[in-house]
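This report goes through one protein model, from its overall make-up to single residues. Please keep the sequence and the structure open while reading.

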Amino acid sequence: MQLSKVTQTAIFTFVVSLSLLVNYSESFAQKNKHNTPSSVEQFPIPPEGPNRLFYIQRSSNINTILYDANVLPNNKLDHKNPVHTYWIRYTEGGKKQELSNIQRTLAYGLHTSALEGEANAYEGHFLAYRKRRFIVKLDSHGEAIALFPINGKMQILKKVFVSVDESGLMPSVNYIELWGKDATTGKDVYEKFKP
């Protein structure tokens, strides 16, 4: 499944813009309380989890949204909820917190459904925009992965960083960075684009 670079950028920009609006008041209030790192390398790296798919960080604050696979004891993905999405609130001592209803239904929440023709695999999209699709499944080693379009090819997504400009009346996106692994070779892949 490949999308054109223009389609990928438009879809991802819509999702990110909506999420920025949802979190604008939170980040504005916290900006005065906490120093935000000046580069992505200075942001905290969430602790590894056995079922971690990927995470999203934004330049507006260090809080991080995590996406973990819900793997049952029988090594199958939970068909009702294959992905668990939640915060690590670094601005509040690193506590875990579930998404609010607005965050879950407008910005960071996902819809997933069984992928036809492949057992124990789910196609999903952010609820903010239904055309941005990815696949969640267990690989040949039984590890949970999310295949996501990076540079026009479905790759294993690991991390997303969104650089936000909050100097105007409404926040805007400076650029978006995607990190992952090539699904065939295992080599690192990276994409940075300006929406």
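The sections below cover confidence, fold, cores, aromatic pairs and a few individual residues.

## Confidence

The model is predicted. Its mean pLDDT is 82, and 77% of the residues reach 70 or more. Confidence is lowest in helix H1 (residues 5–31), where the mean is 46. At the other end of the range is strand S4 (residues 95–98), which has the highest confidence, at 96.

Over residues 10–18 the pLDDT is below 50, and this stretch has 22 contacts in the model beyond near neighbours in sequence. Residues 24–34 are also below 50 in pLDDT, with 21 contacts counted in that way.

## Overall make-up

The protein contains 2 helices and 11 strands. Read from the N terminus, the order of elements is α-β-β-β-β-α-β-β-β-β-β-β-β.

The protein has 195 residues, and buried residues make up 48% of them. Among contacts with a separation of 6 or more, 44% join residues that are 24 or more positions apart.

## Nonpolar cores

The largest nonpolar core holds 31 residues, and the members that touch the most others in it are Leu53, Phe54 and Tyr67. Setting aside residues up to four places away in sequence, Leu53 touches Tyr67, Asp68, Ala69, Val83, Val136, Ala144, Ile145, Ala146, Leu157 and Lys158. A second core, separate from the largest one, has 7 residues, including Leu115, Ile135, Ile145 and Met154.

Two of the residues named for the largest core, Phe54 and Tyr67, also belong to an aromatic cluster, together with Phe134 and Phe148.

## Aromatic pairs and charges over rings

The count of aromatic pairs comes to 6. In one of them, Phe43 and Phe161 have ring centres 5.3 Å apart and planes at 75°, so the pair is edge-to-face. Phe43 is in the loop between H1 and strand S1 (52–58), while Phe161 is in strand S9 (residues 153–165), so this pair ties together parts that are 118 residues apart in sequence. Phe43 is buried, because its relative accessible area of 5% falls under the 20% limit. Phe161 is buried as well, with a relative accessible area of 3%.

Trp87 and Tyr108 make another edge-to-face pair, with 5.7 Å from centre to centre and 80° between the planes. Trp87 belongs to strand S3 (residues 83–89), and Tyr108 to the loop between helix H2 (101–107) and strand S5 (110–114); the pair links distant parts of the chain, 21 residues apart. Both Trp87 and Tyr108 are buried. Arg89 lies over the face of Trp87, 4.9 Å from the ring centre. Elsewhere, the charged end of Lys192 sits over the ring of Tyr175, at 4.1 Å from its centre.

## Asp68: a buried acidic side chain

Asp68 is part of strand S2 (residues 61–69). Its relative accessibility is 12%, so Asp68 counts as buried. The side chain of Asp68 makes a polar contact with the side chain of Tyr86, at 2.6 Å. Leaving out residues up to four places away in sequence, Asp68 touches Asn51, Arg52, Leu53, Pro82, Val83, His84 and Tyr86. Leu53 and Val83 are among these, and Leu53 in turn touches Val83.

## Gln103 and Ala114

Gln103 lies in helix H2. With a relative accessible area of 9%, Gln103 is buried. Its side chain reaches the backbone nitrogen of Ser100 at 2.9 Å. Tyr86, the polar partner of Asp68, is 17 residues from Gln103 in sequence, and their C-alpha atoms are 9.8 Å apart.

Ala114 lies in strand S5. Is Ala114 buried or exposed? Ala114 is exposed, because its relative accessible area is 58% and the limit is over 50%. Apart from neighbours within four places in sequence, Ala114 is in contact with Ala121 and Tyr122. The C-alpha atoms of Ala114 and Gly124 are separated by 8.8 Å, with the two residues 10 apart along the chain.

Methods. Residues are numbered from 1 along each chain as its sequence is written. Side-chain values use heavy atoms; hydrogens and water are left out. Helices (H or I, at least four residues) and strands (E, at least two) are DSSP runs, numbered from the N terminus. Buried means under 20% relative accessible area, exposed over 50%, partly exposed in between (1.4 Å probe, protein chains only). A polar contact is a pair of N or O atoms within 3.5 Å; within protein, one must be able to donate a hydrogen and the other to accept it, and residues adjacent in sequence count only if both atoms are side-chain atoms. Contact means heavy atoms within 4.5 Å. pLDDT is the predictor's confidence in each residue, from 0 to 100. A nonpolar core is a set of buried Ala, Val, Leu, Ile, Met, Phe, Trp, Tyr and Cys residues joined through side-chain atoms within 4.5 Å. Rings of Phe, Tyr and Trp (its six-membered ring) pair if their centres lie within 6.5 Å; planes under 30 degrees apart count as stacked, over 60 as edge-to-face and the rest as tilted. A charge sits over a ring if NZ of Lys or CZ of Arg is within 6 Å of the ring centre and within 35 degrees of the ring normal.
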